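Me: Please give a close account of the side-chain contacts in this model. I am interested in which groups meet and how well each is covered.

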Amino acid sequence: MSVSLVVIRLELADQSLMPQGFQYCADEEMSEEEMREKALGSAKIALAGKTELEKAAVLHQHIGSRAMSDMVIETLTSSPDAPDEKEADHPTNVESSSLKEQTVGAPVPDSPSKQLPDQISFYSGNPSVEIVHGIMHLYKTNKMTSLTEDVRRSAMLCVLTVPTTMTSHDLMKFVAPFNDVMEHMKIIRDSTPNQYMVLIKFSTQADADSFYTACNGRQFNSIEDAVCQLVYVERAEVIKSEEGASLPVMDLTELPKCTCLLRWEDASCPVCRYCQTPEPVEENKCFECGVQENLWICLICGHIGCGRYVSRHAYKHFEETQHTYAMQLTNHRVWDYAGDNYVHRLVASKTDGKMVQYECEGDSCQDEKIDALQLEYSYLLTSQLESQRIYWENKIVHLEKETAEEINNMKAKFKETIEKCDNLELRLNELTKEKQSMEKKCTQLNSKVAKLGQELREEQEMNRCLRANQLQLQTQLQEEERRGREAASQKDVQIAELQEQLRDIMFYLETQQQINQMPADARQEIQEGQINIASAPAPPQPGPSAAGSSKLVGRKGRAKRGK
């Protein structure tokens, strides 16, 4: 047998007290921070970046017509201990007036009141009972487990509905066989009449499985028809309303917790109130558009919206809040938006007012089915035609807008193109004039280049000729230099000869002058005297200077002899 787990969330008002020991998680390894993050992760994302007014509007939308009420949580244990001061609901400290008087006055050492404490603590009410103010939410997980599988489920079970005719003593007698394996049991009574909810925490999961196998579907007693409906509790949470406790939770589906599916006796419930008056009244209308036909009421928060064949406000409410179940006010059929089908069809019994599943026989049932099919087909056809009309109208409007935008864009582009063409024409004329001027300049430059080329060729020819002349002149210069050197050497030889001759002449003249100045006897002696000169060794090849010298000496000798 497969079972699903539920999550119980207690949404508290801002001023309400926190119940003790209510929170529970089947996964013992999950810390309190991880549990809180898993519970409020989607709510934080939905409320992120919103102002206080926007947050209040979102919270009001998800709470809907539900009103917070007082809930009484009674905790029973298998072996109750004496309550201490921490577990008491209303501890009150009272001071004795006599003690105050004695404190003000003079101390009396022998007075017995001196031994009394300054404060006396006492308890008001039942310490195992807590009263909180809020809304109870019931969620279903999307995973199924089998009792035969050895997987982790939970050690806590929830009895969804217990008739109020069963007292706490009767309930303890009902679970007495498992009293030894139970840790505690919490009885939760809210504004729902004629029933209450019970949470039972067992020591181990095996004990919870044993209790589920033994008591699930079992009658509480032989008088009442009510049976024990058990579910496994994955988590029990306590969250303040301002933190987004009414917002949808990821991977969880909120279940309706309303007596309208069982009895029509709770006039405070908006679902029951609208179902008890199926005829059209002023209050039975869509909360958004105000129509009074094809109305659906949310079984979670009591929101009333029109069907998907009118303005789809009921379905939009599901998209915004993830409240899965809604009931049609005319025939009380319950629709599951997540599964996209009817859950069941319920009608009110004329005898006792209880909700029973509708069944019919005979031709009337067939006629009703045919009428229902015709009506459904008419609604479907009308909605499809209306959706097609809206679709095509929107498409036409969209196409008109796109066409108008394209025309405007084309006009703008055309205007820009004309302006670009005018600018390009002006630019072309300017470039044409520049081209003509550049062609003229190019022609002039070509003529200059030709002229310069001719001059260059002439200069090159002249350079070639000059180079040839340079070589010839260099040869001539070298020849002239050689000749000059030879002439210079000859001149040097001649100059040396002339210097020798000049020296001989000067010697002759000086000697003659000296001789003339001498007395006549001396002159006569000199004239008659002879000079013998030893012969010198003959040179290998006497040069012209030697010959000249010999000639000069000879001339001198001859001169002397002549004298």
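Reply: The account below takes charged pairs, then rings, then one loop residue and one surface patch.

This is a predicted model, in which local features need pLDDT of at least 70 and side-chain atom pairs count only at pLDDT 80 or more, while totals for chains, interfaces and linings use all residues. Residues are numbered from 1 along each chain as its sequence is written, and side-chain values use heavy atoms, with hydrogens and water left out.

Arginine 153 is a suitable starting point. Its side chain meets that of aspartate 209 in a salt bridge, at 2.7 Å from N to O; the term requires a side-chain nitrogen of Lys or Arg within 4 Å of a carboxyl oxygen of Asp or Glu. Aspartate 209 belongs to helix α5 (residues 205-215), whereas arginine 153 belongs to the loop between β6 (129-146) and β7 (156-163), so the bridge ties together parts that lie 56 residues apart in sequence. Helices (H or I, at least four residues) and strands (E, at least two) are DSSP runs, numbered from the N terminus. Both partners are buried, that is, under 20% relative accessible area, with exposed meaning over 50% and partly exposed the range in between (1.4 Å probe, protein chains only). Arginine 153 also places its charged end over the ring of tyrosine 232, 5.7 Å from the ring centre. Such an arrangement needs NZ of Lys or CZ of Arg within 6 Å of the ring centre and within 35 degrees of the ring normal. Arginine 189 likewise has its charged end over a ring, that of tyrosine 196, at 4.7 Å from the centre.

The model holds 16 salt bridges. One of them joins glutamate 37 to lysine 44, with the closest N and O atoms 3.4 Å apart. Glutamate 37 is partly exposed at 44% relative accessibility, and lysine 44 is partly exposed at 46%. In helix α8, glutamate 479 and arginine 483 lie four residues apart, about one turn of the helix, and their side chains form a salt bridge at 3.5 Å, N to O. Glutamate 479 is partly exposed at 29%, as is arginine 483 at 45%. This pair belongs to a salt-bridge network of Glu479, Glu480, Arg482, Arg483 and Glu486.

Among rings, eight aromatic pairs are counted. The centres of phenylalanine 202 and phenylalanine 211 are 5.2 Å apart with planes at 45°, so this pair is tilted. Rings of Phe, Tyr and Trp (its six-membered ring) pair if their centres lie within 6.5 Å; planes under 30 degrees apart are stacked, over 60 edge-to-face, and the rest tilted. Phenylalanine 202 and phenylalanine 211 are buried, and ring pairs link Phe178 with them in a cluster.

Serine 241 occupies the loop between β10 (230-240) and β11 (252-254) and is buried, at 9% relative accessible area. Alanine 13 is 228 residues from serine 241 in sequence, yet their C-alpha atoms are 5.7 Å apart. Leaving out residues up to four places away in sequence, serine 241 touches Glu11, Leu12, Asp14, Leu59, Ile63 and Met68, contact being heavy atoms within 4.5 Å.

Methionine 506 also lies in helix α8 (residues 362-517) and is partly exposed at 41%. Together with Leu502, Ile505, Tyr508 and Leu509, Met506 makes a nonpolar surface patch of about 450 Å².

How values were computed: Patches are made of residues with over 30% relative accessible area and no salt bridge: like charges are joined within 9 Å, nonpolar side chains (Val, Leu, Ile, Met, Phe, Trp, Tyr) within 5 Å. Accessible areas come from the Shrake-Rupley method with a 1.4 Å probe; for residues, only the protein chains shown count as cover.
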